[in-house]
Amino acid sequence: MREITVSGVRPTGKQHLGNYLGAVVNFVKMQDEYNGFFFIADLHSLTTHPKAADLQANVRQTLIEYLACGLDPDKCTLFAQSDLPQISELYLVFNMLAYLGELEKVPTFKDKVRDQPNNVNAGLLTYPVLMAVDILIHHAVKVPVGKDQMQHIEMTRNFGNRFNHIYGVAYFKEPFGFTYNDNPLSVPSLDGAGKMSKSKGENTVIYLADEPEVIRKKVMRAVSDSGPTEPNQAKPEMIQNLFDLMGLVSKADTLKHFGEQYNGCTIRYGDMKKQLAEDMVNYLAPIREKIKELSSDQNYLNKVLREGGEKARISAGKTVSEVREIIGLKSH
Ligand code: AMP
């Protein structure tokens, strides 16, 4: 039996190169090695009160992009979180096991309280409970997450163990965070600082669905400086970022070529960006084509969600009926 893994993504719109290389590529690898449950976390996204039509469209877009990146419904279980009513039921049970004090201490909750003081709803507070349920409901043992999510996995273990302890059972297994790499890849932003993130503005990210002309424009506008003045001088972050992006999408020879030009102070960033833009366009071409193809095939998308939901409901339904039995809820 293959180990079970679960991972979700909030349907917040289009995925960018950072999402792809940082997370989705790993899911694609994992589907061959694990019994993978990959879901679109539409219930989680309700904390921000999205408009109904936007939520629908974003769930579709996320599904399209997951499929375009290589997630294969024949190899994994791909579904929308809200298609499992069992999630909401188990969430209620686990809310009774989660203490206010421990939830209020969670750093991501504190960040939200600071960033959006006008919408500190109870769903934000219990976000780690819902996440624990997403994982425990399928008895997953490995959860591909970044460092910032490790605390949520620890809370998931605590909630599962607490359930076992209170009800005197050895029912839930302990899940652990998982990465393929000790040093997870960080895809740089086009604005010269830090990692690629939508929060820094539309022009600082390359979306998987961006048309070649859009990619060219964004890359040509990427922040750079006036160039090195001494041979072999250290690269400032904005320049290192361009080289790092090139390392992700260009051939080794290309990277070496511009590295030598930098060290010899002959580099022209316009040329480098032009090359980077072309390599980026080519790198993303197969995904972009697949996104277009899938976007016009609503029947197929419906089928994927319907069949994925059916498979996931079998796993979730079994857990919820066992939990009902364990905690003494019987149907009458
Ligand atoms: P977000 O949409 O920003 O919440 O990101 C979802 C996931 O995508 C994160 O948990 C990371 O695994 C991955 N990710 C996002 N941005 C980057 C980036 N710039 N570099 C690497 N991975 C990223």
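Tyr-99, Ile-166 and Tyr-167 come together as a nonpolar surface patch with a joint accessible area of about 300 Å². Patch members have over 30% relative accessible area and no salt bridge, and nonpolar side chains (Val, Leu, Ile, Met, Phe, Trp, Tyr) are joined within 5 Å; the areas come from the Shrake-Rupley method with a 1.4 Å probe, and for residues only the protein chains shown count as cover. The model is predicted, so to speak of local features requires pLDDT of at least 70 and side-chain atom pairs count only at pLDDT 80 or more, while totals for chains, interfaces and linings use all residues. Residues are numbered from 1 along each chain as its sequence is written, and side-chain values use heavy atoms, with hydrogens and water left out.

Within the patch, Tyr-99 sits in the loop between α3 (85–95) and α4 (100–104); helices (H or I, at least four residues) and strands (E, at least two) are DSSP runs numbered from the N terminus. Tyr-99 has a relative accessible area of 48% and is partly exposed, a class that falls between buried (under 20%) and exposed (over 50%).

Turning to charged pairs, the structure holds 15 salt bridges, each defined as a side-chain nitrogen of Lys or Arg within 4 Å of a carboxyl oxygen of Asp or Glu. One of them pairs Glu-89 with Arg-324, with 2.7 Å between the closest N and O atoms. Glu-89 belongs to helix α3 and Arg-324 to helix α13, so this pair ties together parts 235 residues apart in sequence. Both partners are partly exposed, Glu-89 at 29% and Arg-324 at 31%. Another salt bridge links Lys-292 and Glu-211 (3.5 Å, N to O). Here helix α12 (residues 269–295) contributes Lys-292 and the loop between β5 (176–178) and α9 (212–220) contributes Glu-211, so parts 81 residues apart in sequence are tied together.

Helix α13 also holds Glu-322 and Lys-318, which are four residues apart, or about one helical turn, and meet in a salt bridge of 3.0 Å, N to O. Glu-322 is partly exposed at 26%, whereas Lys-318 is exposed at 51%.

Lys-318 leads on to the second largest pocket, where Lys-318 is among the residues nearest the centre, along with Ile-4, His-138, His-139 and Ser-315. The lining numbers 13 residues, with five nonpolar, five polar and three charged. Helix α13 (298–327) and β2 (35–40) each supply at least two lining residues, and α13 gives the largest share, five.

Technical notes:
On a 1 Å grid over the protein atoms alone, a cavity is a set of points where a 1.4 Å probe fits but cannot get out, and a pocket is an open set with protein on both sides within 12 Å along at least five of seven lines; lining residues have an atom within 4 Å of a point. Ala, Val, Leu, Ile, Met, Phe, Trp, Tyr, Cys and Pro count as nonpolar, Asp, Glu, Lys and Arg as charged, and the others, Gly among them, as polar. Patches are made of residues with over 30% relative accessible area and no salt bridge: like charges are joined within 9 Å, nonpolar side chains (Val, Leu, Ile, Met, Phe, Trp, Tyr) within 5 Å. Buried means under 20% relative accessible area, exposed over 50%, partly exposed in between (1.4 Å probe, protein chains only).
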